[in-house]
Structures are given as C-alpha cells and as structure tokens.
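Here is a short walk through a model, meant to be read with the structure open beside you. We'll start with how one chain is carved up and finish with how it meets its partner.

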Amino acid sequence: MRYTIIGTGVAGIAAIEAIRSVDPTGEIIMIGDDPHGFYSRPGLAYYLTGELHDKALYPRTAEDYRKLNFRYLKGRVTRILREGHTLEIDNKSQLPYDRLLIAVGAQAIPLEVPGANLEGVLKLDHMDDAKCILKFSQRWKTAIVVGGGITALELVEGLVSRGVRVHYLLRGDRYWSNVLDKQESHVVEHRLKEEGVTLHYHAEVIEVTGKNNRVNGVRLLDGRALKCDLLAYAIGIRPRTALARDAGLAIDRGILVNEFLQTNDPAIFAAGDVAQVYDPITGRSILDSLWGPAREQGYAAGLNMAGERMAYIKPAPFNVTRLAGLTTTIIGMVGRGRDDDLIGIARGDSETWRSLPDAIVAQTGFEVNRLRLLVGEKKLLGAIVMGDQTLSWPLQKLIAGGADISPIRAQLLAPSARIGDIVAEFWAGWRTQAVA
Amino acid sequence: MGIFRRDTERHKVLATGHVVPDSSRCVQCGICTYNCPIGIDVRAHVWRAEAVTRSECLTCGECVARCPRGVLRFEQTDLFVGRGA
C-alpha cells in the first residue's frame, strides 16, 4: 500500500504516526511546498515576541523522522489525477498513490486595496513572513495593524515587543465582537493601550499609499490619512481548496469530508484547516483552524487510510491564547454574528464559537480575571476564561462531557452569583462521579 | 487560607511531584523545551501525553511558568505507587 500525504503540517505528521501504528511496512510519502517543513505555526507568535528562537519551533529531529520511516519530497502538487491515482508534481513528474491525504492547510486572505503589494505590507502566515517582520522591524519603527482575531493581536504584540510604535485599526467599535463580549473587548483594548498601542475605531483602510514602491501610509474610508513605515494585516484565512476543486472533489468552504475524514472519492481524505468536517451529532459541516483538532483529524484520517474505521467526533472546540498578554481560554459556543475585521474564519478560530443558540450569560470578574459562562437549559454551552486559568480545564471537561448542570443552574443565574466557586464545587463532585 | 499554607503546599509538590501535561492545550511551540535548564525535551513528553518522570527533572518550574497556554502543571505523584501521568 502506498500512502501519500500532501502538506507538512501537524495533520500530516499525525496521519503518518497513525498509519505506522497499524501498518509498519507500507510506503509513506509526504510532499509539501513549504520550505520549512513541519514546525509550530502557532509558535510564530512567541518567536515574534522574542520568547524563543526560530530553531526551537521545530518539534522533530531527523532521527524522529527516520523512526517513522517515510519519504519526504519537496515539491508542489499541481494536479490530482484521480482516475489514474496519480499526482502531478511541479507540472511535470508523476507520483502514484493508493490512499491520498490532502492536509495543505489554509492561507491568509490577501488585502485587496490599491497599494497592498507595496514593500512593507506584511502578513503572518508562515515562517518566512515572521522572519520578514523581524527584519523590517529592525529598521522601521511605525506600523499599522489591520484585521481581527488572534493573529492581528499577535502582530500587534510582536511589533510592540520589537520596539515598533503600533496603530491598531478596527473597522467597528470594538475588538473581536463576535466572540468576545463588550467588557472582554474592553479589557483587551485597555491593556493594549497600556502597552502603548494607539487604537483607531471605525477605521477602514481603502488605500495603502507609498513612495518608491514602499509603503508610507494609509487612507481611510472617512478621508483620514495615517502615516506608517509598515502595514501588517490579518483579515482571515481561506482553506487551500484549489487542488481539490480542480480534481472535482466536493467543496463548500473547505474540502467536504465525512466523519471518517473521507472525501467523495473513497481513496482521498482531507484533514486539518483545509477540511470542512461533518459532525454526526449536529449534522453540520464545520471549519476549524485549531492545532488540536488538526492533529486529531490527521490521526483519524491516517487510521482510516490504513483500513481501520475510526470516526472523528468533534469535541467542543477550544483554544488558549494570549490577548494583550492575558491568557484566555475560549470553549464551545460563546458568540454569534460577524466581525467586520475578519472575512470568514481566522487562525486559531472555530466556526462553532459563533453558533450560539439562545443562552443565558452568567459572568463574574474584575478588570483582569474574568469568567463568562453560556448557560443552556441543562448544559453549559460555552465559556471564556480570561486571566486566572484555574477553571479553564474543569470547564473544558464539563462542556466537552456535556455535564448536566441542572443542580447548579439556578445558583449560576442568581444575581451576583459567585460562579467561579459554584463551578469549582460542582466540578469536584462531577469529577469524582466521572471517575467512579 | 494564607500565603504560608500555599507555600508549604508548593514545597511538597516540588519535592514529590512531576510536571504533567494537558496535551490538548499544546501547539508544540517548544517554549518549555527551550527553557529547560537541563535540556529535557518537555515538548516531546507533551506530544505523547506523558508526565515528565525523568529523574534529572529538577521540578524547577521554568517550563510550567513559561508555557503561554497553561499546558503544564505540577501534580503530586506517589513514587512508590507508580510513575504514570
């Protein structure tokens, strides 16, 4: 059996581990066009802030790869020829496959305004982008950041920590309005201001201006003009579906796969950011851009490619991130609607977070440590934990485990309830029962 | 609950505990491994969802404190019973 994996991210690596766990001898080939191979893309944020060296972002050694016994090819797959079970590489050579995994991830949506191709216009998609930001930030000291979600703040914080003066432009009146509530946005914005970031609200860039082919400012929809040396943007990502679309595979926002990560061609699977995965519980197909699910999907896909039958059941999506230096865990369903700063989905994001049905909010907290719970009829639907993370792990388990919160629902919704204490106490009992 | 009580607890954990991961929070950035003063590949333990039970581990807490995503915690383990996570 010949297994071929397109893409060098975590979904692909997890698939190889899964295949090897059941098939020690089959031939495995991984092919990718990212010159840096497998590294921690989310870790680029910490590389930008200077918390670690770029070499530390590579989790595996050559010896680790040797043990997995697969062949790595650097190249770009230009076509999938489904009838002949063959890939076309770099428009010329051909590579046969028996089972194929497409795990090519997603890419940044480009900024489409005049001047967006000028030198000094930056994104944070790959290792090379991060290196470019670091190179430019040594020389240029005023930046404008546009966009939303986690990546926009990673850009803001990375640039600030490199001594760059940052103006952060928001199209609306607050940060990440379809995931965070008003107070949470306010906490983040307040902390950014304390770090010296200048925030501009209702600011939509309509043109990047430049001189000698280099950015020197932006013009806004309301006529304002701002000067800058760098413009960094993070307005969302888009699954890299072109290859699958050209091959006639079923596509919606991502490559459509069933709960076995299988496309409408039984020999072809997809996993990670490129895959829009069917969830048998809700009956919906969802896009995530999260490291954990990408790994789990890759693993399940690998097993299924090797002839096992393992359904991927989507857990309550969650992510841990730092927003303006504040550790924040987002679990389950917490918001709804759209955010004008983003198109579609962002990195570190899940569509599920914005699918909140009617729920009642219970919240507590002061300035830094905040806890917001989305309380359904019998279950917790979602939670946001900012600052102190003591409760994030219990909440993750309670929400994923669908714990029946009927015994504490009224207490949680009482005025001025100490919801942290109530959850902690409930967790202690639930955990004991779950173990028993 | 005073500070002293917490401090005693902390010493107890440092003496008899291990670094234990919650792998689902990890993105393999490597800050833990990068900051380990004796070069333990903490990240690889997290990938495999294993506690750091190596005898060289000083339980100094660098990896626990530096992890930006709260992956690692100390957990008291009974050395005479077992060494698992």
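Domain bounds, as used below, come from an automatic or database domain assignment. Keep in mind too that this is a predicted model.

**How chain A is divided**

Chain A splits into three pieces, domain 1, domain 2 and domain 3. Here are their bounds:

| Domain of chain A | Residues |
|---|---|
| Domain 1 | 2-106 + 238-305 |
| Domain 2 | 110-235 |
| Domain 3 | 318-435 |

Note that domain 1 is written as two segments, 2-106 and 238-305. Measure from the centre of domain 1 of chain A to the centre of domain 3 of chain A, over C-alpha atoms, and you get 31 Å. Where these two domains touch, domain 1 of chain A puts in seven residues and domain 3 of chain A puts in ten. On the domain 1 side of that contact, you'll find four nonpolar residues, two charged ones and one polar one.

**Chain A overall**

What does the secondary structure of chain A come to? There are eleven helices and 28 strands. Laid along its principal axes, the C-alpha trace of chain A spans about 70 × 60 × 40 Å. The radius of gyration of chain A is 23 Å, which agrees with the value near 22 Å that a compact globule of 436 residues would have. As for burial, 47% of the 436 residues of chain A count as buried. Now take the contacts in chain A between residues at least 6 apart in sequence: 65% of them join residues at least 24 apart.

**A sheet to look at**

Chain A has an open sheet of five strands in the order 9-16-10-11-12, with parallel pairing. Its edges are strand 9 (121-122) and strand 12 (198-200) of chain A, and each of these pairs on one side only. Further in, strand 10 (residues 142-147) and strand 11 (residues 165-169) of chain A run parallel and are joined by five bridges. If you want one pair to click on, try A:Val145, whose bridge partner in strand 11 of chain A is A:Tyr168.

**Where chain B comes in**

How many residues does each chain give to the contact between chain A and chain B? Chain B gives 15 residues and chain A gives 18 residues. On the chain B side, the elements giving two or more residues are helix 2 (31-35) and helix 3 (42-47) of chain B. Helix 2 of chain B supplies the largest share of that side, three residues. Sorted by class, the side of chain B that touches chain A has six nonpolar, five polar and four charged residues.

Key:
Residues are numbered from 1 along each chain as its sequence is written. Chains are lettered from A and ligands numbered from 1 in the order in which they are written. This is a predicted model: local features need pLDDT of at least 70, side-chain atom pairs count only at pLDDT 80 or more; totals for chains, interfaces and linings use all residues. Helices (H or I, at least four residues) and strands (E, at least two) are DSSP runs, numbered from the N terminus. Ala, Val, Leu, Ile, Met, Phe, Trp, Tyr, Cys and Pro count as nonpolar, Asp, Glu, Lys and Arg as charged, and the others, Gly among them, as polar. Two strands pair if DSSP finds at least two bridges between them. The radius of gyration is taken over C-alpha atoms; the globule rule is 2.2 Å times the number of residues to the power 0.38. A residue is buried if 20 or more other C-beta atoms lie within 10 Å of its own, exposed if 12 or fewer, and partly exposed in between; C-beta atoms are placed from the backbone.
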